[in-house]
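Here are my notes for someone opening this one for the first time. Have the viewer ready and go through the points in order.

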Amino acid sequence: MKTNVPVKRAYRSALRRSQAESTRMSTIRAATELFVDEGYRPASIDAIASAAGVSRATVFNAFGGKPSLLRAAYDVAIVGDDEPVPLPERPWARPVREAPDARTMLVRYAHMVTVIDRRVAGIYEVMRGAASAHADVREHWDQIRGERRAGAANVIRMLLERGRLRAGLTKRAAADVVFVLIDPGLYHQLVEEQRWGPATFERWLGETLQMQLLPPNRR
């Protein structure tokens, strides 16, 4: 009896999965670079496939087309890889949930947002531009904005577990403030265009979030 056959099959299956994941990531990296450097429309599937060292069919089989590839590039930029680990469980995100008080939480949150924006701002701007001209990209754009709005509301929920909002500020308005301040387009304007530097942006964001959301610090 050939008891070693299942082992060989499992090994080959794992190898194929590893190769597929490697191909997927190389395609996403190539697409991200071309999207950011050239724009959504000029970055053709053929050019992306060539840069990734794969066939055009491979790109379509893996992603289904340019809109989905753009979304995949955005999703990978958010967390830094293609692993199925939720954002809140990432090493640079857990300190936000573990913060002992509201001000510490917002300082840590500003750091997390800056870490993310350094990766995602470029591809975010590509998606923003493409969404105005391509309905299939607009669908992804609307989903992303909805996810960011839900994330902003969650930040306010965690904030209220540690303290209270400044007088006269409703939970909805507070979530609106967070939604606007964490827009990667703001990072792009201040850091990439105005040359603030990531550390300056992080400090400003942390101070602005505290000023806009929390009662005055009387200490």
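1. Start with a charge over a ring. The charged end of R148 sits over the ring of F179, and 4.1 Å separates that end from the ring centre. Keep in mind as you look that this is a predicted model. You'll find another such arrangement at Y40, where K66 lies over the face of the ring, 4.4 Å from its centre.

2. K66 leads us to helix α4, which covers residues 66-79. How many of its 14 residues are buried? The count is 12, so the helix is mostly covered, with buried meaning under 20% relative accessible area. Among the buried ones are K66 itself, P67, R71, Y74 and V79.

3. The length of α4 also checks out. With 14 residues at 1.5 Å a residue, the helix should span 20 Å, and its end C-alpha atoms are indeed 20 Å apart, so the two agree. Right after the helix comes G80, which has a positive phi, near 95°.

4. Now go to M25, which is found in helix α1 (residues 5-38). M25 has a relative accessible area of 17%, so it counts as buried. Which residues does it touch, leaving aside those up to four places away in sequence? They are V76 and D82. V76 is one of the buried residues of α4. As for D82, it is 57 residues from M25 along the chain, yet the C-alpha atoms of M25 and D82 are separated by 7.4 Å.

5. Next, the aromatics. A search of the whole structure turns up 6 aromatic pairs. One of them is Y187 with F201, an edge-to-face pair at 5.0 Å centre to centre, with 85° between the planes. Why is this pair worth a look? Y187 belongs to helix α9 (residues 184-193) and F201 to helix α10, so the pair ties together parts that are 14 residues apart in sequence. Y187 and F201 are both buried.

6. W196 and W204 make another edge-to-face pair, at 5.6 Å centre to centre and with 85° between the planes. Are these two buried or partly exposed? W196 is partly exposed, because its relative accessible area is 31%. W204 comes out as partly exposed too, with a value of 25%. Put the two pairs together and you have one aromatic cluster: Y187, W196, F201 and W204.

7. Stay around W204 for a moment. The side chain of T208 reaches the backbone oxygen of W204 at 2.7 Å. T208 is placed in helix α10, residues 198-213. Its relative accessible area is 13%, so T208 is buried.

8. Finally, step back to the whole chain. What does its secondary structure come to? There are 10 helices and 0 strands, so don't go hunting for a sheet. Along its principal axes, the C-alpha trace spans about 75 × 50 × 30 Å. Of the 219 residues, 41% count as buried. The chain exposes about 12,300 Å², and carbon and sulfur atoms supply 52% of that area. As for contacts between residues at least 6 apart in sequence, 66% of them join residues at least 24 apart.

Technical notes. Residues are numbered from 1 along each chain as its sequence is written. This is a predicted model: local features need pLDDT of at least 70, side-chain atom pairs count only at pLDDT 80 or more; totals for chains, interfaces and linings use all residues. Side-chain values use heavy atoms; hydrogens and water are left out. Helices (H or I, at least four residues) and strands (E, at least two) are DSSP runs, numbered from the N terminus. Buried means under 20% relative accessible area, exposed over 50%, partly exposed in between (1.4 Å probe, protein chains only). A polar contact is a pair of N or O atoms within 3.5 Å; within protein, one must be able to donate a hydrogen and the other to accept it, and residues adjacent in sequence count only if both atoms are side-chain atoms. Rings of Phe, Tyr and Trp (its six-membered ring) pair if their centres lie within 6.5 Å; planes under 30 degrees apart count as stacked, over 60 as edge-to-face and the rest as tilted. A charge sits over a ring if NZ of Lys or CZ of Arg is within 6 Å of the ring centre and within 35 degrees of the ring normal. The expected span of a helix is 1.5 Å times one less than its number of residues. Contact means heavy atoms within 4.5 Å. Accessible areas come from the Shrake-Rupley method with a 1.4 Å probe; for residues, only the protein chains shown count as cover.
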